[in-house]
Amino acid sequence: MNECPVPDAVLDIGTRHGTTRVHRFGRGDAPPIVLLPALMATSACYAPLIPAFAAHRPVYVIDTLGEAGRSVQTEPFAGIPDRARCLDDVLDGLELTDVHLVGGSTGGWHAFNQVIHAPGRIASISTLDPTTVTAKFSWPAIWYGVLGAVLDRDWIWRRFLRWSAGEDIMDQPDAQLVLAGIRTYRPRVPFQTCPADDDIRSVTVPVLALFGARSVVHDSSVAADRLRALLPRAEVETLPDAGHYLFLRPDDRARIVERVLDFVHRTNLDRR
């Protein structure tokens, strides 16, 4: 969190499933951006992007309930729709509407889950190499997950992070944070699965989906092609030099921020 700007507010929002920690950055009354982190990555994973987003509009960053972070789960989720209801409780508690969700990896899955099961407060979603939306995890990713769950050895998860990033990132604070979350937090959440095709076709809010051509956790080419087929009006792009962690490199980071802000701006104009 020391890599993030100082938040304008730190909030704990009560929901039917527990308390969700939210950090707010930036001011103004423009429709907000809400950032949904990757699995076990917490709010801190967006430290490189928060200043650029917050310079243009209010930004809320969420520690996803049921995963590592400062949120505290008190009641179990009965199923995947409950996760959307929980986030809707958070947005309701924040009194937010016309929200632009931005989610990376599993956060992208959460964004789609939201507009499938509880879309009322959402103006658009932008997803960064979203997993298990239109393509399943690759077999190596599944193998690492099973091996890590059975043996629970630090070296397995370190190797997984290096493999999934395409380079050694273990000296970076966010990689160490994810590793700590994987090793020490035991989630109580429904298993993350691909939505049905008809559920994806039912999405009516504007969608931006950016994929990394070198992503190894899934087949990003298949994921992008299927999303185009299911949602012809979605804006789907593949970044040729990026892996799964799309904003790992500064050049990609700047391109993603610019692309998302442009998409959000155009969506706002269309809604007037």
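This briefing covers helices, salt bridges, a loop, a buried histidine and a surface patch. The model is predicted. It holds 16 salt bridges. Helix H3 is largely enclosed by the rest of the structure, because 11 of its 12 residues are buried. Helix H9 packs its buried residues against five strands and one helix, listed below.

**Helix H9**

- H9 runs over residues 250–271, which is 22 residues.
- The expected span is 32 Å at 1.5 Å a residue, and the end C-alpha atoms are 32 Å apart, so the two agree.
- The buried residues of H9 include the nonpolar Ile-256, Val-257, Val-260, Leu-261, Phe-263 and Val-264.
- Also buried in H9 are Asp-252, Arg-259, Thr-267 and Asn-268.
- The strands that these buried residues pack against are S3 (33–36), S6 (99–104), S7 (122–128), S8 (207–212) and S9 (235–239).
- Helix H1 (50–54) is also among the packing partners of the buried H9 residues.

**Salt bridges that involve H9**

- Arg-259 pairs with Glu-235 in a salt bridge, with the closest N and O atoms 2.4 Å apart.
- That pair links distant parts of the chain: Glu-235 sits in strand S9 and Arg-259 in helix H9, 24 residues apart.
- Arg-259 is buried, at a relative accessible area of 16%.
- Glu-235 is partly exposed, at a relative accessible area of 21%. The cut-off for buried is under 20%, so Glu-235 falls outside that class.
- Arg-255 and Asp-252 form another salt bridge, and their closest N and O atoms are 2.7 Å apart.
- Both residues of this pair, Arg-255 and Asp-252, belong to H9 and lie three residues apart, about one turn of the helix.
- An α-helix has 3.6 residues a turn, so residues three or four places apart point the same way.
- Asp-252 is buried, with a relative accessible area of 5%, whereas Arg-255 is partly exposed at 38% relative accessibility.
- Salt bridges with shared partners join Glu-235, Glu-237, Arg-259, Asp-262 and Arg-266 into one network.

**Salt bridge between H2 and a loop**

- Arg-83 and Glu-67 meet through their side chains in a salt bridge of 3.6 Å, N to O.
- Arg-83 lies in helix H2 (residues 80–93), and Glu-67 lies in the loop between strand S4 (59–62) and strand S5 (72–73), so the pair ties together parts that are 16 residues apart in sequence.
- Arg-83 counts as buried, at 8% relative accessibility.
- Glu-67 is buried as well, with a relative accessible area of 3%.

**Helix H3**

- H3 covers residues 106–117.
- Its 12 residues should span 16 Å at 1.5 Å a residue, and its end C-alpha atoms are 16 Å apart, which agrees.
- Buried residues of H3 include Gly-107, Gly-108, Trp-109, His-110 and Phe-112.
- Thr-106, Ala-111, Asn-113, Gln-114, Val-115 and Ile-116 are buried in H3 too.

**Loop between S3 and H1**

- Met-40 is found in this loop. Its phi is near 65°, a positive value in a residue other than glycine.
- Met-40 is buried, with a relative accessible area of 5%.
- Thr-42 lies in the loop between S3 and H1. Its phi is near 60°, again positive in a residue other than glycine.
- Thr-42 counts as buried at 10% relative accessibility.
- Ser-43 is also in the loop between S3 and H1, and it is buried with a relative accessible area of 2%.
- Beyond its neighbours within four places in sequence, Ser-43 contacts Met-1, His-23, Val-61, Ile-62 and Asp-63.

**His-218**

- His-218 is placed in the loop between S8 and helix H8 (220–230).
- His-218 is buried, with a relative accessible area of 3%.
- The side chains of His-218 and Asp-129 are joined by a polar contact of 3.2 Å.
- Not counting residues up to four places away in sequence, His-218 touches Asp-129, Pro-130, Thr-131, Ala-135, Lys-136, Ser-138, Phe-211 and Ala-223.

**Surface patch**

- Phe-137, Trp-139, Ile-142, Val-146 and Val-150 form a nonpolar patch on the surface.
- Together these patch residues have about 540 Å² of accessible area.
- Val-150, one of the patch residues, is found in helix H4 (residues 139–151).
- Val-150 is exposed, with a relative accessible area of 63%.

Methods. Residues numbered from 1 in each chain as written. Predicted model: local features only at pLDDT ≥ 70, side-chain atom pairs only at ≥ 80, totals over all residues. Heavy atoms only, no water. Helix = DSSP H or I, 4+ residues; strand = E, 2+ residues; numbered from the N terminus. Expected span 1.5 Å × (residues − 1). Buried < 20%, exposed > 50% of the residue type's maximum accessible area, 1.4 Å probe, protein only. Contact = heavy atoms within 4.5 Å. Patch = residues over 30% accessible without salt bridge, like charges linked within 9 Å, V, L, I, M, F, W, Y side chains within 5 Å. Areas by Shrake-Rupley, 256 points an atom, 1.4 Å probe, with all protein chains shown as cover. Salt bridge = Lys/Arg side-chain N within 4 Å of Asp/Glu carboxyl O. Polar contact = N/O pair within 3.5 Å; in protein donor to acceptor, adjacent residues only side chain to side chain.
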